[in-house]
Amino acid sequence: MKFRTLLPDELFLGYVGHIRAANFLLPRTRLIDRLGPLRGQREGSVRRSCEFSAVIDHLSLDPLEVVRRHTLVPLTKSVSWEQSEEPRPFGQFVYYRFAMSAAPAGRVCRDCILEDELNGHPPYWRRLHQIAGVNWCGRHMRPLTSTLCNRRLSLGPVKALEDAIDLTREDVDPLMRAPVVTRYLDVVERLLALLDRPLEAAKASWTLRRRAESLGIKLNGKQSLELLIRQVTPGGWLSESFPDSVQRIPSESSWIDRITYSHIRCRPETFALATALLWDDPGEAVEALVLGTVERPNPRCRFPRGCSPEVVGEDGGSHAKPSTQNNLG
Ligand SMILES: [Zn+2]
């Protein structure tokens, strides 16, 4: 069988698609059969039917490194609500199906493709471009292109471009100028680089709650953070990137305010967004989230850039303290 090296930040799903395409479009089950039994299993024994296990075992790859560097799992499973045990490292079998099932956005950067070809290797699907909310290439600062074909992972980025839509400068420029959006992307990249297992929901919620309180945000309402985030993110980005943001149940806390209640589950990506909302420095933010740094209400604390508290209406149920001592805004 033909294999090539896994490339930097290459999405593992796309890599497996490339292997199948390079070997006469092998179906998933045939690929698993062709790779032979897992190490330690006898020939002919029933292989755990998982492409992830089959490929990493055949190529002697480290599962933890593959999940951390080549899948969206460190973001989509970045928070754990399991209370009975410590969060398990990302290299364990329980994460393999998430590594192979997360539907990628199928986005590519045309300049990255040109660069790949100039560098003499096949263009590939980059993980960072597949993250919800990422609409431009951070390396080339150009809008991404959304591919539409259902078979794009096997076809590869170049073929997939035959049926694709380019995001426009008009769509993307406002996002690139929005501090909260750029901080969100920074926070996400840092979490992907740093996490080797999920954060505990209780600790992460507590850290974010204390941070909000230190900024003077009253969290007794159900939309405190939602009102803030809606005012500081360009139209359409939230509903496209966080689909649960359009589902409103008036009697319950909003999709983003839930992160301050550790017993309520929500999309783990929402923690990254709330972190970007509440801190000015993404490095400091991620450190606080990961280490659970506790902050006391700080009279000198300033609102992060792009998050002026006056954007929250007086009838919003929650907003920053009006005290001039807080030096907010
Ligand atoms: Zn690029």
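## Helix α1 and its surroundings

Two residues are in contact here if their C-beta atoms, placed from the backbone, lie within 7 Å. With that in hand, let's look at this predicted model, beginning with α1.

Which helices do the buried residues of α1 pack against? Their partners are α2 (28-34), α3 (51-58), α4 (63-70), α6 (96-101) and α8 (152-155). The buried residues themselves are Phe12, Leu13, Gly14, Tyr15, Val16, Gly17, His18 and Ile19. Helix α1 spans residues 12-22, and because eight of its 11 residues are buried, the rest of the structure largely encloses it. Just beyond the end of α1, phenylalanine 24 has a positive phi of about 60°.

## Where α13 crosses α15

Further along the chain, helix α13 (residues 224-232) packs with helix α15 (residues 269-278). Their axes lie 11 Å apart and make an angle of about 75°. Angles of 65 to 115 degrees count as roughly perpendicular, so that is how α13 and α15 are arranged with respect to each other.

Which residues meet here? From α13 come Leu225, Leu228 and Ile229, and they meet Leu273, Ala274 and Leu277 of α15. Sorted by class, this contact has six nonpolar residues, with no polar and no charged ones.

## How confident is the prediction?

Before you build on these coordinates, here are the confidence values. The protein chain has an average pLDDT of 83, and 84% of the residues score at least 70. Residues 310-329, however, have a pLDDT below 50. That stretch still has 44 contacts in the model beyond near neighbours in sequence.

Methods
Residues numbered from 1 in each chain as written. Predicted model: local features only at pLDDT ≥ 70, side-chain atom pairs only at ≥ 80, totals over all residues. Axes fitted to C-alpha atoms, helices over the stretch in contact; angles between N-to-C directions. Helix = DSSP H or I, 4+ residues; strand = E, 2+ residues; numbered from the N terminus. Parallel < 35°, antiparallel > 145°, perpendicular 65-115°, else oblique. Nonpolar A, V, L, I, M, F, W, Y, C, P; charged D, E, K, R; others polar. pLDDT = per-residue confidence, 0-100. Buried ≥ 20, exposed ≤ 12 C-beta atoms within 10 Å, placed from the backbone.
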